[in-house]
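Work through the following exercises with the structure in view, trying each task before you read its solution.

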Amino acid sequence: MLLQYNNLTIRNATADDAEQLALWWNDGTIMAHAGFPNGIGQSVQEIADSLRKDSDQTYRRLMIEVDNHAIGEMNYRNKGNQTVEIGIKICDFSKQNKGIGKIVLSMFISALFRDFGYQKIILDTNLKNERAQHVYEQLGFTKLRVNENSWTNQVGELQSSVDYELYQDNFINYANRI
């Protein structure tokens with residue numbers, strides 16, 4: 001995948017991105033919302049080896065860039081039945097709360113519907129991540145359910161999540177070029 005809109009780029013992550021991903025994924029301040037307040041503890045080599053197994057048909061990690069500088073990552077997983085599960089993380093805190101997430105999600109979602117033929121997009125987020133929930137709902141996602149105390153993070157704290165789904169008819173695209 002290679003998507004561009006103004007100064008924003010979404011591209012397939014490669015083994016060359018493993019060092020940057022390791023920095024982000026092993027930083028507990030970045031990964032706490034995903035349940036890893038101590039980071040995930042993966043080496044650059046482990047991440048590089050894993051990235052080499054990515055496939056457009058099954059699972060793919062992607063880099064988000066602003067002016068050719070990596071600021072975050074996205075991923076998608078084919079769940080079958082024309083359904084895809086997505087995730088996004090703006091890892092550079094200085095780029096959060098600037099509307100970038102809504103635009104790159106618009107670019108990404110457009111491509112998943114248009115180029116990959118998915119009919120439904122699903123995702124979940126931590127119940128505490130109200131900023132993400134607001135963005136998802138602006139894009140047209142429907143909240144399906146809140147899963148109270150449904151999982152435990154890496155330090156044993158109970159966490160709650162919110163499940164969302166999106167169909168193309170409900171999608172509100174904020175990247176008007178797509």
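**Exercise 1. Find how many residues of α4 are buried, and compare the span of this helix with the expected one.**

Solution. Of the 15 residues in α4, 14 are buried, so that the helix is mostly covered; here buried means under 20% relative accessible area, exposed means over 50%, and partly exposed lies in between, with a 1.4 Å probe and protein chains only. The next step is the span: from its first C-alpha to its last, α4 reaches 21 Å, which is close to the 21 Å expected at 1.5 Å a residue. The expected span is 1.5 Å times one less than the number of residues in the helix. The names of the elements follow DSSP runs, numbered from the N terminus, in which a helix (H or I) has at least four residues and a strand (E) at least two.

Before going on, note that this is a predicted model, in which local features need pLDDT of at least 70 and side-chain atom pairs count only at pLDDT 80 or more, while totals for chains, interfaces and linings use all residues. Residues are numbered from 1 along each chain as its sequence is written, and side-chain values use heavy atoms, with hydrogens and water left out.

**Exercise 2. Describe the largest pocket by its volume, its lining and the elements that contribute to it.**

Solution. Begin with the volume: about 1200 Å³ of space lies in the largest pocket. The lining consists of 43 residues, and those closest to the centre of the pocket are His-33, Ala-34, Gly-87, Ile-88 and Lys-89. Two or more lining residues come from each of α2 (28–31), β3 (59–66), β4 (69–80), β5 (83–90), α4 (100–114), β6 (120–126) and α5 (130–138), and the largest share, six residues, is given by β5. A pocket is an open set of points on a 1 Å grid over the protein atoms alone, where a 1.4 Å probe fits and protein lies on both sides within 12 Å along at least five of seven lines, and a lining residue has an atom within 4 Å of a point. The points are joined across faces, edges and corners, and the volume is the space filled by probe spheres set on them.

As a last step, look at one residue of the central group: Ala-34 is found in the loop between α2 and α3 (44–51), and its relative accessibility of 32% means that it counts as partly exposed. The C-alpha atoms of Ala-34 and Asp-49 are separated by 22 Å, although these residues are 15 residues apart along the chain.

**Exercise 3. Trace the network of salt bridges that includes Arg-11, and state whether its acidic partners are buried or exposed.**

Solution. Side chains of opposite charge can pair when their charged atoms come close. A salt bridge is counted when a side-chain nitrogen of Lys or Arg is within 4 Å of a carboxyl oxygen of Asp or Glu, and the structure holds 11 of them. Arg-11 forms one with Asp-17, where the closest N and O atoms are 2.8 Å apart, and Asp-17 is buried at a relative accessible area of 8%. Arg-11 also forms a salt bridge with Glu-65, again with 2.8 Å between the closest N and O atoms. This pair links distant parts of the chain, since Glu-65 in strand β3 and Arg-11 in strand β2 (residues 8–12) are 54 residues apart. Glu-65 counts as buried too, at 9% relative accessibility, and Arg-11, Asp-17 and Glu-65 are thus linked in a network.

For a further case, take Asp-49 and Arg-52, whose side chains meet in a salt bridge of 2.9 Å, N to O. Asp-49 is partly exposed at 36%, whereas Arg-52 is exposed at 55%.

**Exercise 4. Determine how β7 and β8 pair, and locate the positive phi values in this part of the chain.**

Solution. Strand β7 (residues 142–152) and strand β8 (residues 158–167) pair in the antiparallel sense over seven bridges, where pairing requires that DSSP finds at least two bridges between the strands. Within this arrangement Lys-143 stands opposite Tyr-164 in β8. The hairpin has five residues between the strands, and Gly-156 takes a positive phi near 85° there. Asn-149, which lies in strand β7, has a phi near 45°, a positive value in a residue other than glycine, and Asn-149 is partly exposed at 47%.
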